[in-house]
Structures are given as structure tokens and as C-alpha cells.
Amino acid sequence: MDLLNVENIGYSIGPVHVIENITFTAMKDEFVSIIGPSGCGKSTLLRIIAGLIKPLHGKVLYNGMLVEKPNRDISFVFQDFALLPWLTNIENVKLGLSLFDISEEEKERKAKLLFKKMGLEGFEKAYPNMLSGGMKQRVGLARAIISDPKVLLMDEPFSSLDELTAEALRSDVINMLRSPDIPVSLVIMVTHNVEEAVELSNKVVILSERPSHVKEIKRIELKYPRNKRSKGFMREVDHIYKVLTE
Amino acid sequence: MFNYILQLLVDTSFSWARMFIALALSILLGLGIGIWAATSRRAEKVIIPIVDILQTLPILAFFPFVIYIIVAAIPGYIGINAAVIFLIITSMLWNIIFGVYESIKELPHEFIELAAIYGMGLKEKLSKIYIPASMPKVMGQSTLSWAIGLFYLVTSEIFSTSSKTYMVKHGIGVALTQLALSGNFSEYIVGILIFIVFVILTRLLFFAPLERYFNKHNMSNIQKTRAIHFVHLMKPSLKLKIPKINIPNFALGKKRDTYSLSNEVGIKPKRRGYANLIYAMLAILFVAAIVSNKTLFSYELSILVALLASFARVWFAFAIILLISVPLSVYLIFFSKRLSAYVLLFQIIASIPATIMLPLIVSLFVKMPFHSEAVAFSVYLLSGIWYIIFSMLSQKAYIPQSIYEVKKLFGIKGLHAWKKIYIYAIIPGLITGAVTGIAAEWNASIVAEYFTSSGIGNGAVLTSVSIGIGKLLDLSLDNGNMVLMLLALLNFTIMIIVINRLVWKRLFNRIEDIYK
């Protein structure tokens, strides 16, 4: 059964038609990338899925239920990390549990565990601005998954990082999401980086220019971890480039 | 009927003429001094710290002194007008200097190299690079200067009515005071309405077109935040004299895009050693001089008592201002969808000087117990509150959209949101606003105490606070006691500087690292 249905979504900002009509579905254990030219409303689409923005028309269903506002099961990772600069890293991560009625000690315990798991040990009491971009995004990820969400939405999570850092974080993210104690069962990531999409996802939703619609939904069957130099990998990359530019 | 309206229009026009003269001079001076400070390292080291201190000093305290000196030098109508215009300039100039200075410091280095490659002379550099680059900020700062200047204009006109020697003949401040004192309340209200119409027309017909013109090529307009519309709107008056408690070595190198702490207050490199020694020696000399002379000692005691009384009023009003302005700002930043409309409304209200309402306030309270304190309190509150509100609201521009999304996404609400988000989001604005707001309160205190004590017009004392620094300054002017006046000003200046350094700058330093 589909875990998430995106049906006939449309959106405009004032007179500008941003999203024409977007429909796709996502199932359990999928990693879906949404890719498209800049200005095509990818990030807006992700926010609509998160329930942060209301679409002009169309609907988002999670487990068959309408998503109209943010939902405990759906979490979000921001491009610019969106860490509150005035809270320590651990306080930022604990924000992810604001909606949950659990004790402060329990929140602290969960957060500490997560810091350990994500290679952030020792940075609990530091402030976000003392960290490098890669570490900041780890904190952002920790905040997103501390509430054990089923769906993780990521808005260009690696694009604020330099290429080497992004590379390392990507493989960590893959490993983490595959580990059995993380209950995330669906990831939807917005990106403009074709290689990144092919490296991480098993489904790529390719969008057109504004006003955007779905050009193609491409399945990628390559085995993880994927070798970027393999013929199969290159073929997928070339194909997506072709669809994007035609 | 039409006669008095015509008279009021003439009076307001005279006031506006003073304002335009002061503004023109301030812009010329601001360009000159700002460009000089930005292009010469040596000049920078001297000018910037001095301007920094001057802009946080409540200069109205010096008014009696200035008027005394200038009128003594140039007697008659010209002298008193020169004094008023001089005073308005002291309220308009500092932020324009900083606007020019920052514009040039922020210029891409390539522009300077370009000038060198093409061998531009000073005249060409000024006309092709420095002045055009500065004008957008100069215009932005000018609208702000105008609002502050109106306060000084009206206040100094009111001041002048207390004595025949120092009387400005035509002016809306004078006219309103006399109307209020003679009990012509309907005419007084008409006068205030005319004043407001002038304020709005100036904004629409003078500042708006000029700002549009000079912003055509403004590079800093190329920003991508969603807050842009807002920032643009706020720019003119919201960056109310943002206090540079310390100066811009900081403002230069650092990026401004994320959380620059209301971005203007910075940290000075530590070159304290000698300075501390000099301060300590000056302090010892000061104390020695006072203790060794009986008259000085008794003056000092009465000054300290007066300062303490005014201090208590100012800070009590500040506490009340916080109680009002913090929830209001949080509401407007985080919940209201009509922030820009409110800002526009506030800007208009804020540019009506609290002092112009003084006669009205006095007549409201005059029958109540403690009415003199109530009058003083109201004027302090009205004078200080806008600085603090605007400064907090201007923080909105530095709050990225994603923080609102985090709040929504993780369902951060109520007390939890106050503790984790709201308070922290407005604190930088609160601190910068507090410095300027309290300075404005001090300005008001000088006026309020002066007004209430000197029985403006016919010598009728309406209401009078029994003790305070404004009253003391006024008494010393009346008695021609220059020693007492200078000593009071010295004490006052030291107090302001000490509080800025010990309280506000420390607070700022503490949060600066976290926010940047």
C-alpha cells in the first residue's frame, strides 16, 4: 500500500503559477528524490507535503489520511539547517520532541543517545554557530529523527555543504537510515544534484520548469552502496540529464 | 477662524524651514565626515569613537548650555534660530555619518581599485563613487533623522518660550504651547492635526520620491530573503539610531546575512591598557577636585541626588515600556499578518514628538495627586517606547523563514515558545533599542522637568517635579551658574557612558558570539 500520495498539487505565488499539477506516490522503504530546475517549486512542494503550506489545489495523503498541518510522523530537514542559534545543540535537538508529552529527563536521554550515534558526542553544550556546516546538518538530522518519524522530508540537505563534507554525510545518512533502530521508512529528498539523486534514491521524480509538472518518474534499481563510476550509474545520470534538459 | 489656521500654517512652515536647513547641513556634514572617516585610517580612529559616544548621549541636556553660548555670541533672532538649527543638527547628524561610513566601507574593493586604475582624482572619486554609493543609505537615514529632528525642533521651540530673550518668533512648537497655555484647546488640536498632515506630506512628497530615486541602483536591494519587502519598508525609520556602543571594526568584515545582531553593535579589539590608566587618573583628579572645594562638593551632592531621582523615573518608565513593547513586538513578529501596515502606522505616530503633547498631558493630569510625576512618566514613556518597539521589530529581518517553519513543524507553542524562541529572537533588538530608547527618555526628562518647572509663557507654574537633573540644569541656567551646569553635564555624561559600557555592551558581548 502507498504510504504517501501526492495528488494533483497546484500552487501559485500571487500571479506566478509555480506548480501546475503534480502527482506521485511513495511506498514504505523507498527513498524518493524530487529533482528539477531552480524555481520549479521543489522546496514548496516538500513544504506542502509536510503540511507547512496549503496547496492551491490537490491533496497529500499519509496512510490514507489528509495532511493539512504538520504531523508527528512526518519530519523535516532544512537546507540552511534552521538551528536556533541561541539554543545549545542538545536543546535544538530536544525541540524535535516539543509535541510529545514526555519528561525532560527522557528527552535528555534520547537526545544524548542520538548525539552518540551521529558522531556528535561532546558537542551537546556547544552552540550551533561553533560547528562546521557538516556538523550543523547532523544536529539538524538528529532533531528531525529524535521523534522516531516514519517519513523524513529533506530539502536540499547537502547543498549548503562543500563537496567533500557532503559526500561523507551522504554515506552516513544512508547507513543510518538503513540501521534497524531508526524507524524512518520513507525519505523524500529535494535536490538539484543529479548524481546525488542517483546515488541515494530508488525513485526519482523529475519535474519540468515552472509551472512545473512531473516529466518522468524514474526507478533506479542499482544496488547500494552505489559506485559512481559504474556504467549503470552513469547511464542513469545521463538519462536524467536528458529528461531535465529536453 | 481661517486667520488662526493660516497663522498655524505659517508657523509650521517656519518650523519646517528650520528642519530642511538642518537636514541639508546634516547631509553635507555627514557626507564630508563619513567619507573622511571611511577613507582615512587615522581620521577613522578619532572620528568613529567620538561620533559613537555623541549619538548615545541625550544631547538635549546640553540645550540650555548651547543656547546660552550661541545667543551670547549672536544676539537676537538669528542667534536663537542658529541655536535651534544647531540643536536639530546634533540630532540628525550621527546616523547619517554612520550611513555614509558604512556605505563606503561596504563597497566592493574592486571599486577602489577601479578608481586607482583609471587614475581618478579626488573630485571624480567623490562624484563617481563615494557620494553615489552613500546616497541610498543617506536617504534612508535621513527619514530617521527627520523623525528625531522633529522631536528636537518642537522641544527647542518650546524651550525657547520660557524666556523673552530666547524666544523663537514663529514655530509650531511655540504656537502650540501658547495655544495650550491660553486654554484654546480646539485650536491646539487643529495645530496638532496640521503638524501631522505636514509629517505625512513630507514623507510622501519629499522622502518617498528621493528614496526611490536613489535606490534605483542600490546594490543592497539585491537580496533574496522573503523579508525584503519588510526590510525595505522598515529601513528608513526602523534602524533608529542603532547604537554603535562600540565601533565598526566589526561591521566591516563580518557577513550580515544571518544573525547580525541588529548588526551595528560591535566589539572593539582590546586595546584597553592605557585607556584604563587614563580613566583611572581622570577619576582620581575629578574626585580630588570635588573633595577639596566646599562649593563643588555641595554642588556634586545635589547633582547626584538629582541624577538619582531622574534615574529612578527613567528606569521605572523603561520597565513599563518593556511590559508593553515585548508582548506587542512578539505578537507582531510571530503572529500578525499585517506587520508592514502596523509599522507604517507606528512610524507616523512615532514622528509626532511626545513633547508636542505635553500641554495636553499636563491638562489631563493637573488635578490628580502626584500629577507632576504622572506628567513626567507619560512623556518618558511616549519618548522611549518607539525606539524599543522599532528596534525589536527590525529583528524580523534577521529571523530566517525556516525558524517559523521549525516552530510550526515541531509544534512549539505557548510558554515553551516564549522560552525557546520569542525572547531570544528579540533580545538583540531589545538591547539596541534600550540604549537609544533610554537616551530618548533622558532627553524627554530634561524637557519634561524643564517645562514643568519654569512655568512657560506667563510664568504660571503648571506642574513641577520637585527634583531631577532637568530641573537642576534649568535652575543653573536661570541663575547663570555655569559651574553647576557644567558639573551636572559632566556627571550626566559619565553616567550614560558608564551604563552603556557596564550594562548594555556587556549584555551584547555575551550574546554576540551565539547569534552571529
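Helices, taken here as DSSP runs of H or I with at least four residues, and strands, as runs of E with at least two, are numbered from the N terminus. On this basis, chain B of the predicted model contains 19 helices and zero strands. Of the 516 residues in chain B, 46% count as buried. Among the contacts in chain B with a separation of 6 or more, 78% are made by residues 24 or more positions apart.

Within chain B, one helix pair was examined through its packing geometry. Helix H12, residues 294-334, and helix H18, residues 469-478, pack at an angle of about 135°, and their axes lie 7 Å apart. H12(B) is therefore oblique to H18(B), because the angle falls outside the ranges for roughly parallel (under 35 degrees), roughly perpendicular (65 to 115) and roughly antiparallel (over 145). On the side of H12(B), the residues that meet H18(B) are B:Ser302, B:Ile303, B:Ala306, B:Leu307 and B:Ser310. Their counterparts in H18(B) are B:Ile469, B:Gly470, B:Lys471 and B:Leu472. By class, the residues of this contact comprise five nonpolar, three polar and one charged.

A further position in chain B is B:Val71, which is placed in helix H3, residues 63-73. B:Val71 has 18 C-beta neighbours inside 10 Å and so counts as partly exposed, since a buried residue needs 20 or more and an exposed one has 12 or fewer. Along the chain, B:Val71 and B:Leu360 are 289 residues apart, and their C-alpha atoms are separated by 30 Å.

The contact between the two chains draws 18 residues from chain B and 17 residues from chain A. On the side of chain B that touches chain A, at least two residues each are supplied by helix H16 (401-409), helix H17 (414-454) and helix H19 (482-515). H16(B) provides the largest share of that side, with six residues. The same side of chain B divides by class into 11 nonpolar, three polar and four charged residues.

In chain A, strand S9 pairs with two other strands. Strand S3, residues 30-35, is joined to S9(A) by four bridges, and the two run parallel. S9(A) is in turn joined to S10(A) by five bridges, in this case with the strands running antiparallel. A:Val204 takes part in both pairings: A:Ser33 stands opposite A:Val204 in S9(A), and the bridge partner of A:Val204 in S10(A) is A:Lys218. S9(A) and S10(A) form a hairpin, with four residues between them.

The loop of this hairpin contains a cis peptide bond. A:Pro211 is situated in the loop between strand S9 (203-207) and strand S10 (212-219) of chain A, and the bond joining A:Arg210 to A:Pro211 is cis, with omega about -10°. Another cis peptide bond runs from A:Tyr224 to A:Pro225, where omega is near -15°. A:Pro225 belongs to the loop between S10 and helix H7 (231-245) of chain A.

Positive phi values occur at two residues of chain A that are not glycine. At A:Ala82, phi is about 55°, and the residue lies in the loop between strand S6 (74-77) and helix H2 (89-94) of chain A. A:Ala82 counts as buried because 23 C-beta neighbours lie inside 10 Å. At A:Glu156, phi is near 40°, and the position falls in the loop between strand S7 (151-155) and helix H5 (163-178) of chain A. With 19 C-beta neighbours inside 10 Å, A:Glu156 counts as partly exposed.

The surroundings of A:Leu200, in helix H6 (residues 194-200) of chain A, were also considered. A:Leu200 is buried, because 25 other C-beta atoms lie within 10 Å. With neighbours within four places in sequence left aside, A:Leu200 is in contact with A:Phe31, A:Ser33, A:Arg170, A:Ile174 and A:Met189. One of these, A:Ser33, is also the residue opposite A:Val204 in S9(A). A:Leu200 and A:Val32 are 168 residues apart in sequence, while their C-alpha atoms are 8.5 Å apart in space.

Methods. Residues are numbered from 1 along each chain as its sequence is written. Chains are lettered from A and ligands numbered from 1 in the order in which they are written. This is a predicted model: local features need pLDDT of at least 70, side-chain atom pairs count only at pLDDT 80 or more; totals for chains, interfaces and linings use all residues. Two residues are in contact if their C-beta atoms, placed from the backbone, lie within 7 Å. Ala, Val, Leu, Ile, Met, Phe, Trp, Tyr, Cys and Pro count as nonpolar, Asp, Glu, Lys and Arg as charged, and the others, Gly among them, as polar. Two strands pair if DSSP finds at least two bridges between them. Axes are lines fitted to C-alpha atoms, for helices over the stretch in contact, and angles run from 0 to 180 degrees between N-to-C directions.
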